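These are my notes from looking through one model, taken element by element. I began with a strand, then followed its neighbours, a helix and the contact between chains.

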Amino acid sequence: MTYSLSQALPTTTALTNFQQKLADAKKLTFRIDFDSEKILASSFSPAERKVLEQHCSQHKLSLESTHLPKTLDVVSDYITKIPELTITMAVEPNKSIIQTLSELLHVQLKKAVVLTFRIDTSIVAGAKLEFQGKVQSHTIANTIEKVFYEK
Amino acid sequence: MQESLLLTLLILTNVALFLTAATWLFFLFRREKNVRVLVTIAEKKAEEIITAALEKAAKTVTDAEYLEKSLKEKLEKSVEIAATTITDEGKQSAEALAGAYSTASKNAAATLEDQAVAAFSKVAQDLSTESNEVRRQLDEIVASEHTKLVTELTEYKAERKQEFEQELRKKIQVIITELLPYQITIADQEKLLVAAIKKAHAEGLFN
């Protein structure tokens, strides 16, 4: 089963951490006698390495020592360019929710989206969504207020 | 004729002679007498003169009285005439004066009336202007007060509405935050999130 980078690391936190690891790995390539395998093994978890390798395979990027610094930059740049969807919800999302939303967005949008979660208990349930400057509120609180206040 | 004449002449001559003689005799005989006659005559004459003088005097007195009376009458008449004239003139003058005064009075009255009418008209106009000004000011005040009252009422209503909405919102928030979360499971949250994403996609959030 193949995952896109955003599916494997769907949240901003995860992607930021991954991006930091890319930067750390990049620093290791500054040594003259660096070993790409050692760098990848020491910098990423097996799951993360698998995601990286899949991403490089999909985008025809080489993880060979001679290309590793540039590949790390390209991947980091790719992560930076992934559009962000901010989801404000009432409870802390668990892995199941994150996974479900990630897959849903992958299917619905057919493009990478990184999720940023914010917690606001007043919205009760549902979500307030912000994407590229646009905002929509599909919350239970909002629905209740509409029921009460709209004429 | 001649005989008559001669006779007459003769007679006349005789008469004349007789008369002459008589006269002479008369004068002779009557010289004394004449003196006495003359005296008498003189006395008589004097008496006549005196009488005449008296008469004349009396007449003069009478005339004087008459004249006095006449003068008096004339004077009275003149006075009467004068009085009448004066009276008439006075009356006429008075009438003329009265007429003049009447005209002057009428003119003065007319002038005064005109002035009064003009003054009254001006006062009426001033009052009208003042009345209009007062009415305009009252209208402005009423409009201002009306606007002010409407504004205050609107603000009061908005304030009350806001207070009511705030109270209602608080209660709803209490329901939302205190009651509903315990009624919504994680599974419900997931379902509602999925529904929200689908709805947002349908409404073009990701376009």
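**Strand E1 and its partners**

I looked first at strand E1 (residues 84-89) of chain A in this predicted model, and found that its side chains alternate, with Leu85(A), Ile87(A) and Met89(A) buried on one face, while Glu84(A), Thr86(A) and Thr88(A) point to the other and are not buried. I noted that in a regular strand the side chains alternate between the two faces of the sheet.

I then checked the pairing: E1(A) runs parallel to strand E2 (residues 114-119) of chain A over six bridges, and Met89(A) stands opposite Ile119(A) of E2(A). Between these two strands the chain passes through H6(A), and I recorded this β-α-β crossover as right-handed. With E3(A), E1(A) is antiparallel and joined by four bridges, where Ile87(A) has Leu129(A) as its bridge partner.

**Helix H5**

I next listed the buried residues of H5(A), which are Leu68(A), Thr71(A), Leu72(A), Val75(A) and Ile79(A); they lie on the same side of the helix because they cover an arc of only 100 degrees around its axis. They pack against helix H2 (12-28), helix H3 (36-43) and helix H4 (46-58) of chain A, whereas Asp77(A), Thr80(A) and Lys81(A), on the other side of H5(A), are exposed.

**Contact with chain B**

Last, I looked up the contact between the chains, where 28 residues of chain A meet 23 residues of chain B. H6(A) gives the most to the side of chain A that touches chain B, with eight residues, and I noted that this side divides into 17 nonpolar, nine polar and two charged residues.

How values were computed
Residues are numbered from 1 along each chain as its sequence is written. Chains are lettered from A and ligands numbered from 1 in the order in which they are written. This is a predicted model: local features need pLDDT of at least 70, side-chain atom pairs count only at pLDDT 80 or more; totals for chains, interfaces and linings use all residues. A residue is buried if 20 or more other C-beta atoms lie within 10 Å of its own, exposed if 12 or fewer, and partly exposed in between; C-beta atoms are placed from the backbone. The arc is that of the directions from the helix axis to the C-beta atoms. Two residues are in contact if their C-beta atoms, placed from the backbone, lie within 7 Å. Ala, Val, Leu, Ile, Met, Phe, Trp, Tyr, Cys and Pro count as nonpolar, Asp, Glu, Lys and Arg as charged, and the others, Gly among them, as polar. Two strands pair if DSSP finds at least two bridges between them. A crossover is right-handed if, with the strands pointing away from the viewer, the path from the first strand over the helix to the second runs clockwise.
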